[in-house]
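This report introduces a structure to a reader who has not met it before. It begins with the overall fold and proceeds to individual elements and residues.

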Amino acid sequence: MPDPATLGYEQARDELVSIVARLESGAGTLEESLALWERGEALAARCQQWLDGARARLTAARGRPEDGSTPADGAVAEGDVAADAGERDGL
């Protein structure tokens with residue numbers, strides 16, 4: 001099995017789904033189940049890394065800090081201008 005750190009999001013997610021199904025079936029020994037659980041934990045962590053990275057990229061693309069606050073220099077992102085105009089116009 002490949003190292004979870006080398007897997008893309010979809011690969012890690014698909015393998016995790018497969019592991020969950022195998023664990024839910026109850027087949028296998030305790031040792032096999034523990035090994036599957038450990039592999040599943042590593043895959044879930046890898047998926048979370050991908051999701052966190054995607055969130056950071058989206059946040060950066062929107063020009064906002066990750067905590068959701070506005071930029072420190074007082075600049076307003078384009079989406080905020082449209083939202084502010086919509087609120088002002090009653091939309």
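The protein contains three helices and zero strands, and along the sequence its elements follow the pattern α-α-α. The model is a predicted one. Its average pLDDT is 83, and 70% of the residues score at least 70. Over residues 81–88, however, the pLDDT is below 50, and beyond near neighbours in sequence this stretch has two contacts in the model.

Of the 91 residues of the protein, 19% count as buried. The accessible surface comes to about 6800 Å², and carbon and sulfur atoms account for 56% of this surface. Among contacts between residues at least 6 apart in sequence, 60% join residues at least 24 apart.

**Helices H1 and H2**

The table sets out two of the helices.

| Helix | Residues | Number of residues | Distance between end C-alpha atoms | Expected span |
|---|---|---|---|---|
| H1 | 9–25 | 17 residues | 24 Å | 24 Å |
| H2 | 30–62 | 33 residues | 48 Å | 48 Å |

For H1, the distance between the end C-alpha atoms agrees with the span expected at 1.5 Å a residue. For H2, the reach from the first C-alpha to the last is likewise close to the expected value.

Which residues of H1 are buried? They are Ala 12, Glu 15 and Ile 19. These residues cover an arc of only 70 degrees around the axis, so they lie on the same side of H1. The general geometry of the α-helix is relevant here. With 3.6 residues a turn, residues three or four places apart in an α-helix point the same way. On the other side of H1, Val 17, Glu 24 and Ser 25 are exposed. The buried residues of H1 pack against helix H2. After H1 comes Gly 26, with a positive phi near 80 degrees.

In H2, the buried residues are Leu 36, Arg 39, Gly 40, Leu 43, Arg 46, Cys 47 and Thr 59. The cover over these residues includes H1. H2 is followed by Gly 63, where phi is again positive, near 75 degrees.

**The nonpolar core**

The largest nonpolar core consists of six residues, namely Leu 7, Ala 12, Ile 19, Leu 36, Leu 43 and Cys 47. H1 and H2 each supply at least two residues of this core. H2 gives the most, with three residues. A general tendency may be recalled at this point. In soluble globular proteins, nonpolar side chains tend to be buried together.

Leu 43, a member of this core, lies in helix H2. Is Leu 43 buried or exposed? Its relative accessible area is 0%, which means that Leu 43 is buried. Apart from residues up to four places away in sequence, Leu 43 touches Pro 4, Leu 7, Ala 12, Glu 15, Leu 16 and Ile 19. Leu 43 and Arg 13 stand 30 residues apart in sequence, while their C-alpha atoms are 7.1 Å apart in space.

Ile 19, also part of the core, is buried in H1. Leaving aside neighbours within four places in sequence, Ile 19 is in contact with Leu 36, Arg 39, Gly 40 and Leu 43.

**Glu 15 and the segment before H1**

Glu 15 lies in helix H1 and is one of the buried residues there. Which residues does Glu 15 touch, not counting residues up to four places away in sequence? They are Met 1, Leu 7, Arg 39 and Leu 43. The C-alpha atoms of Glu 15 and Pro 4 are separated by 9.8 Å, and the two residues are 11 residues apart in sequence.

Pro 2 is placed in the segment before H1. With a relative accessible area of 43%, Pro 2 is partly exposed. Not counting residues up to four places away in sequence, Pro 2 touches Leu 7 and Arg 39. Between Pro 2 and Ala 12, which are 10 residues apart along the chain, the C-alpha separation is 10.0 Å.

Arg 39, one of the buried residues of H2, thus appears among the contacts of Ile 19, of Glu 15 and of Pro 2. Leu 7, a member of the largest nonpolar core, is touched by Leu 43, by Glu 15 and by Pro 2.

How values were computed
Residues are numbered from 1 along each chain as its sequence is written. Side-chain values use heavy atoms; hydrogens and water are left out. Helices (H or I, at least four residues) and strands (E, at least two) are DSSP runs, numbered from the N terminus. The expected span of a helix is 1.5 Å times one less than its number of residues. Buried means under 20% relative accessible area, exposed over 50%, partly exposed in between (1.4 Å probe, protein chains only). The arc is that of the directions from the helix axis to the C-beta atoms. Contact means heavy atoms within 4.5 Å. A nonpolar core is a set of buried Ala, Val, Leu, Ile, Met, Phe, Trp, Tyr and Cys residues joined through side-chain atoms within 4.5 Å. Accessible areas come from the Shrake-Rupley method with a 1.4 Å probe; for residues, only the protein chains shown count as cover. pLDDT is the predictor's confidence in each residue, from 0 to 100.
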